[in-house]
Protein chains: 2
Amino acid sequence: MARKPAVDPLLLGNQICFAVYSTAHAFNRFYKPLLDKLGLTYPQYLVMMVLWERDGVPVKDIGEKLFLDSGTLTPLLKRMEATGLIKRTRSTQDERQVLIALTPHGHALREKARAVPEAMLASSACSVGELFAMKNELEALRDKLNAALGE
Amino acid sequence: MARKPAVDPLLLGNQICFAVYSTAHAFNRFYKPLLDKLGLTYPQYLVMMVLWERDGVPVKDIGEKLFLDSGTLTPLLKRMEATGLIKRTRSTQDERQVLIALTPHGHALREKARAVPEAMLASSACSVGELFAMKNELEALRDKLNAALGE
DNA sequence: CACAATTAGATTGCGCACAATAGAAAAGAT
DNA sequence: ATCTTTTCTATTGTGCGCAATCTAATTGTG
């Protein structure tokens, strides 16, 4: 009768953080060939989803939705501007803000992008309902961890 | 009677990949102050967990457990050697392999590391059972996505 | 109005991730 | 035993992420 069975919290196989980490990388690898066709990286795909939902937003808003700061977004958005997906223009109302707007090409990419979640759903062997439930549980955990940082 | 309600698969809020991605970053940010005390980054913490479980393993084995390749691990392990956590020695049986072994300091760090999953559990507002269930679901999804890459 | 405090982005530096490539060693084939 | 193929690690280059710092613009206060 072992005292400490397989419940040691320091075993890799018992770590939820590693399950999340390794699943995030698996998504990245799975999406890469699909996103290559669109000329997007995964974080750029996230930015595009923000913009498809609401266009012409300041960098700050994108950062809040994606949990990313200017150190990440500034160079990323410059690369996206260089590839012709977006345009960066400084706001006239508030000269501190840089507004991000889709180009026609960026807008048009939305239809092609539908193949991405479709392929994931097909390969996941999960129902939409199961994935939706996981999504909600993950978001709840994420929000708890983020909340714990602000004490 | 909307045809397409809030189920558009291209909305950020409906993306399980983003839930996974943003939760992974939340873990990283949550762990950072804890791991700073141990002198570890998060990927280095993962390597330590592999080594605490089984010491003196080749780089390849670490890579398979963590789903990382030599391009990531070689410089990471060199940094860990520089900070005195591990030792890298080329195998005499197979000169291609580099074996990774813990230093006494690396071994001793295990006890301090117990605070990390403890703090996560306390802030997660989840039971061990709930987290374990999520872990298993994520691993299943991860394995499906990885399997889909090998066709 | 002047002036301190806050806010939005940009910049620098470091550490992952990963594709692509290279090189040395081992294993397999003839 | 030679030659090919495979395996293991290292290297290079690109793109995130994030802490820390900086600058300029706006807001708040007296």
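The following questions and answers concern a predicted model and go through its DNA surfaces and its helix packing.

Colleague: Which residues come nearest to DNA strand C?

Modeller: There are 29 residues around DNA strand C, and they divide into eight nonpolar, ten polar and eleven charged. Those that come nearest to DNA strand C are A:Tyr21, A:Thr74, A:Lys78, A:Arg88 and B:Thr41.

Colleague: Which elements of chain B each supply at least two residues of the surface near DNA strand C?

Modeller: Chain A contributes to this surface through helix H1 (16–38), helix H3 (59–66), helix H4 (70–82) and strand S2 (86–90). In chain B, the elements that each supply at least two residues are helix H2 (42–53) and helix H4 (70–82).

Colleague: What percentage of the atoms of DNA strand C within 4 Å of the protein belong to sugar or phosphate?

Modeller: Two of the polar contacts lie on phosphate, since a polar side-chain atom of A:Arg29 is 2.8 Å from a phosphate oxygen of DNA strand C, and a side-chain N or O atom of A:Arg88 is 2.6 Å from a phosphate oxygen of that strand. Bases are reached as well, with a polar backbone atom of B:Gly71 lying 3.4 Å from a base nitrogen of DNA strand C. Of the strand's atoms within 4 Å of the protein, the part belonging to sugar or phosphate is 79%.

Colleague: How far is a polar backbone atom of B:Lys60 from a phosphate oxygen of DNA strand D?

Modeller: Around DNA strand D there are 29 residues, among which A:Thr41, A:Arg79, B:Tyr21, B:Lys78 and B:Arg88 come nearest, and sugar and phosphate account for 79% of the strand's atoms that come within 4 Å of the protein. Backbone atoms also reach the phosphates of DNA strand D, with an N or O atom of A:Glu95 at 3.0 Å from a phosphate oxygen and one of B:Val59 at 3.3 Å. For a polar backbone atom of B:Lys60, the distance to a phosphate oxygen of DNA strand D is 2.8 Å.

Colleague: Are H1(A) and H1(B) oblique or perpendicular to each other?

Modeller: The axes of H1(A) and H1(B) come within 9 Å and cross at roughly 135 degrees, and the crossing is left-handed. Among the residues that meet are A:Val20, A:Ala24 and A:Phe27 in H1(A) and B:Val20, B:Ala24 and B:Phe27 in H1(B), and the residues of this contact divide into 14 nonpolar, two polar and no charged. Because of the crossing angle, H1(A) and H1(B) are oblique.

Colleague: How many charged residues has the contact of H7(A) with H7(B)?

Modeller: Helix H7 (residues 128–149) of chain A and helix H7 (residues 128–149) of chain B pack at an angle of about 125 degrees with their axes 11 Å apart, which makes H7(A) oblique to H7(B). The contact is made by A:Leu131, A:Met134, A:Glu137, A:Leu138 and A:Leu141 together with B:Leu131, B:Met134, B:Glu137, B:Leu138 and B:Leu141. By class, this contact has eight nonpolar and no polar residues, and the number of charged residues is two.

Colleague: Are H2(A) and H5(A) oblique or perpendicular to each other?

Modeller: Within chain A, the axes of H2(A) and helix H5 (residues 104–113) come within 10 Å and cross at roughly 110 degrees. In this contact A:Tyr45, A:Met48 and A:Trp52 of H2(A) meet A:Gly106, A:His107, A:Leu109, A:Arg110 and A:Ala113 of H5(A), and the classes are five nonpolar, two polar and one charged. Because of the crossing angle, H2(A) and H5(A) are roughly perpendicular.

Note on methods. Residues are numbered from 1 along each chain as its sequence is written. Chains are lettered from A and ligands numbered from 1 in the order in which they are written. This is a predicted model: local features need pLDDT of at least 70, side-chain atom pairs count only at pLDDT 80 or more; totals for chains, interfaces and linings use all residues. Side-chain values use heavy atoms; hydrogens and water are left out. A residue is near a molecule or strand if one of its heavy atoms lies within 4 Å of it. A polar contact is a pair of N or O atoms within 3.5 Å; within protein, one must be able to donate a hydrogen and the other to accept it, and residues adjacent in sequence count only if both atoms are side-chain atoms. Helices (H or I, at least four residues) and strands (E, at least two) are DSSP runs, numbered from the N terminus. Ala, Val, Leu, Ile, Met, Phe, Trp, Tyr, Cys and Pro count as nonpolar, Asp, Glu, Lys and Arg as charged, and the others, Gly among them, as polar. Axes are lines fitted to C-alpha atoms, for helices over the stretch in contact, and angles run from 0 to 180 degrees between N-to-C directions. Angles under 35 degrees count as roughly parallel, over 145 as roughly antiparallel, 65 to 115 as roughly perpendicular and the rest as oblique. Contact means heavy atoms within 4.5 Å. A crossing is left-handed if the near helix is turned anticlockwise from the far one by less than a right angle, and right-handed if clockwise.
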